[in-house]
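Biologist: I would like to learn how to read a protein model, one feature at a time. Could we start with the aromatic rings?

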Amino acid sequence: MRRYLTPARLVGHLVVLVVAGVFVRLGWWQFEHALAGNTLSYGYALQWPVFAAFGVFFWIRLLTGSPPDRTPKGGGPSRGPAAAPVAVPLAWTFQRSAETIVPEPTPQARRRESEDPDVLAYNEMLAWLHADPARRVEGYPGYSPARRWPR
């Protein structure tokens, strides 16, 4: 019992109780708004007490839980003494590896793209935009907000 009354845990108890109380009060406030005709507030009225219960549950779990036991089960063979940790050098590179390079499209896929008039028009618009960074899509000749460009 004494381990639950340390100064740090007493502060934690107080914080959890205050936050849970605020959450319950917010749930009540949402319930009052729901009764006044705001139907969306019914969902929030249920949600706030759930948040409060989760906070209390998590705090109790944090206080009473023990770290998981990582010993092998079943009495298997022991691995012997623990090996010393291996230092791994941090070699950061900002280059793509061979696995992440996207392959070029096949000639059949290129042909299909080049035959689609929507894709051709979209690529033409992109080239027009790329030619001058000050240009906007709205200024493109033939632009229509109702037109659906390929995605």
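Biologist: Which residues do ring pairs link into a cluster?

Modeller: Ring pairs join Phe23, Trp48 and Phe51 into a cluster. Please keep in mind that we are looking at a predicted model.

Biologist: How many aromatic pairs does the structure hold?

Modeller: There are six aromatic pairs in the structure. One of them is formed by phenylalanine 23 and tryptophan 48, a tilted pair with 5.1 Å centre to centre and 50 degrees between the planes. This pair links distant parts of the chain, since phenylalanine 23 sits in helix α1 and tryptophan 48 in helix α2 (residues 41-64), 25 residues apart.

Biologist: What two values describe a pair of rings?

Modeller: In general, a pair of aromatic rings is described by the distance of the centres and the angle of the planes. Try it on another pair: the ring centres of tryptophan 28 and phenylalanine 31 are 5.7 Å apart and their planes meet at 40 degrees, so this pair is tilted. Planes under 30 degrees apart would count as stacked, and planes over 60 degrees apart as edge-to-face.

Biologist: Where do tryptophan 28 and phenylalanine 31 lie with respect to each other in the helix?

Modeller: They are three residues apart in helix α1, which means that about one helical turn separates tryptophan 28 from phenylalanine 31.

Biologist: Now for accessibility. Are phenylalanine 23 and tryptophan 48 buried, exposed or partly exposed?

Modeller: The idea is to compare the relative accessible area with two cut-offs: under 20% is buried, over 50% is exposed, and partly exposed is in between. Phenylalanine 23 has 22%, so it is partly exposed. Tryptophan 48 also has a relative accessible area of 22% and is therefore partly exposed. Tryptophan 28, at 48%, counts as partly exposed, and phenylalanine 31 counts as partly exposed at 31%.

Biologist: Which residues form a nonpolar patch on the surface?

Modeller: Trp28, Phe31, Leu35 and Tyr42 do, and together they have about 430 Å² of accessible area. Helix α1 (residues 7-35) supplies the largest share of this patch, three residues.

Biologist: What about a residue that is buried? How do I read glutamine 30?

Modeller: Begin with its place, which is helix α1. Glutamine 30 has a relative accessible area of 11%, so it is buried. Then look at its contacts: leaving aside neighbours within four places in sequence, glutamine 30 touches Ser41, Tyr44, Ala45 and Trp48.

Biologist: And serine 41, what does it contact in turn?

Modeller: Serine 41 lies in helix α2. With neighbours within four places in sequence left aside, it is in contact with Gln30, His33 and Ala34. At 3% relative accessibility, serine 41 counts as buried.

Biologist: Which contacts does valine 16 make?

Modeller: Valine 16 is a residue of helix α1, and its relative accessible area of 18% makes it buried. Apart from neighbours within four places in sequence, valine 16 contacts Gly55, Val56 and Trp59. You can also follow a distance here: the C-alpha atoms of valine 16 and alanine 52 are separated by 8.6 Å, while the two residues are 36 residues apart along the chain.

Biologist: Is leucine 46 buried or exposed?

Modeller: Leucine 46, found in helix α2, counts as exposed because its relative accessibility is 62%. Its C-alpha atom is 8.3 Å from that of phenylalanine 31, 15 residues away along the chain.

Biologist: Let us step back to the whole chain. How many helices and strands does it have?

Modeller: The protein chain has four helices and zero strands, and its pattern along the sequence is α-α-α-α. Of its 151 residues, 12% are buried. The chain exposes about 13,400 Å², with carbon and sulfur atoms supplying 65% of it. Among contacts between residues at least 6 apart in sequence, 42% join residues at least 24 apart.

Biologist: Which helix has the lowest mean pLDDT, and which the highest?

Modeller: Here is the general idea: where pLDDT is low, the predicted coordinates should not be read in detail. In this chain, helix α3 (residues 107-115) has the lowest mean pLDDT of the elements, 71, and α1 has the highest, 93. The chain averages a pLDDT of 80, and 73% of the residues score at least 70.

Technical notes
Residues numbered from 1 in each chain as written. Predicted model: local features only at pLDDT ≥ 70, side-chain atom pairs only at ≥ 80, totals over all residues. Heavy atoms only, no water. Patch = residues over 30% accessible without salt bridge, like charges linked within 9 Å, V, L, I, M, F, W, Y side chains within 5 Å. Areas by Shrake-Rupley, 256 points an atom, 1.4 Å probe, with all protein chains shown as cover. Salt bridge = Lys/Arg side-chain N within 4 Å of Asp/Glu carboxyl O. Helix = DSSP H or I, 4+ residues; strand = E, 2+ residues; numbered from the N terminus. Buried < 20%, exposed > 50% of the residue type's maximum accessible area, 1.4 Å probe, protein only. Contact = heavy atoms within 4.5 Å. pLDDT = per-residue confidence, 0-100. Phe/Tyr/Trp six-rings, centres within 6.5 Å; stacked < 30°, edge-to-face > 60°.
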